[in-house]
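Visitor: I have a model open beside its sequence, and I would like to learn how to read its features one by one. Where should a reader begin?

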Amino acid sequence: MARSGPTRTRELALRRCLFALAVLSLVTSVAAAAIPPAVWLAHAEHDLGRFWLDPRYQGDPVGSFPTFICGDGRVWDPADPCPSLADAPEWIASELGRQDLRMVSRQTYTYGVIFHLSGNPEALALARAGAR
C-alpha cells in the first residue's frame, strides 16, 4: 500500500536530504583527493600556523582568544584602537571589546586542524585551552 499525505512528504524530504548528503560527500572526497597531502601540511605549518601560533592571538589567559584582530595584525585594544576599526560602522563598533564564543570556537577548531595535520603539540595545547 502506497503512503500518502504528510508521511509521504517527510519520506521524500528525507530521501532528497540523504541524496544531497551523498553527492556532497562524493564531491568533497574528490576535491580533497585532488590536493596532495604535502600541500595541506605545508598550508597548516606555513600559512595557518605562522599566523595563529603567534603569541598575540593566544589570549590572556591562553585560550581566551581575541574576537577582534586589526587589519595590521594587532589584537584590538581600546587604549590604542587600530585605524581599520577606529571608524567602524556602529554595528561593529558597538561590539568592540566583546568576546564572541563563535570566534573562540573557530580559533579552537583551527588549532585542532593544525594539530591533526602536523602533530604540533603547541597547537593541541591551544585547542585544549580554547575548549576549556
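Guide: We shall go from the overall fold to one helix and then to a disulfide, keeping in mind that this is a predicted model.

Visitor: How many helices and strands does the protein have?

Guide: The protein has six helices and zero strands, and along the sequence this reads as α-α-α-α-α-α. Of its 132 residues, 24% count as buried, while carbon and sulfur atoms hold 63% of an accessible surface of about 9,400 Å².

Visitor: How should I read a single helix, and where is the kink in helix 2 centred?

Guide: As a general idea, an α-helix has 3.6 residues a turn, so residues three or four places apart point the same way. In this structure, helix 2 spans residues 37–52 and carries a kink of about 30° centred on Ala 44. Ala 44 is also buried, as are Gly 49 and Trp 52 of that helix.

Visitor: Which helix do the buried residues of helix 2 pack against?

Guide: They pack against helix 5, which covers residues 101–118.

Visitor: And how do I read a disulfide; which residues does it join here?

Guide: In general, a disulfide is a covalent bond between the sulfur atoms of two cysteines. A search of the whole structure finds one, joining Cys 70 to Cys 82 with an S to S distance of 2.1 Å. Both cysteines lie in the loop between helix 2 and helix 3, 12 residues apart.

Visitor: Why is the disulfide called left-handed?

Guide: The torsion about the S-S bond of Cys 70 and Cys 82 is about -80°, and therefore the disulfide is left-handed. Cys 70 and Cys 82 are both buried.

Conventions. Residues are numbered from 1 along each chain as its sequence is written. This is a predicted model: local features need pLDDT of at least 70, side-chain atom pairs count only at pLDDT 80 or more; totals for chains, interfaces and linings use all residues. Side-chain values use heavy atoms; hydrogens and water are left out. The bend at a residue is the angle between axes fitted to the seven residues ending there and the seven starting there. Helices (H or I, at least four residues) and strands (E, at least two) are DSSP runs, numbered from the N terminus. Buried means under 20% relative accessible area, exposed over 50%, partly exposed in between (1.4 Å probe, protein chains only). Contact means heavy atoms within 4.5 Å. Accessible areas come from the Shrake-Rupley method with a 1.4 Å probe; for residues, only the protein chains shown count as cover. A disulfide is a pair of cysteine sulfur atoms within 2.5 Å.
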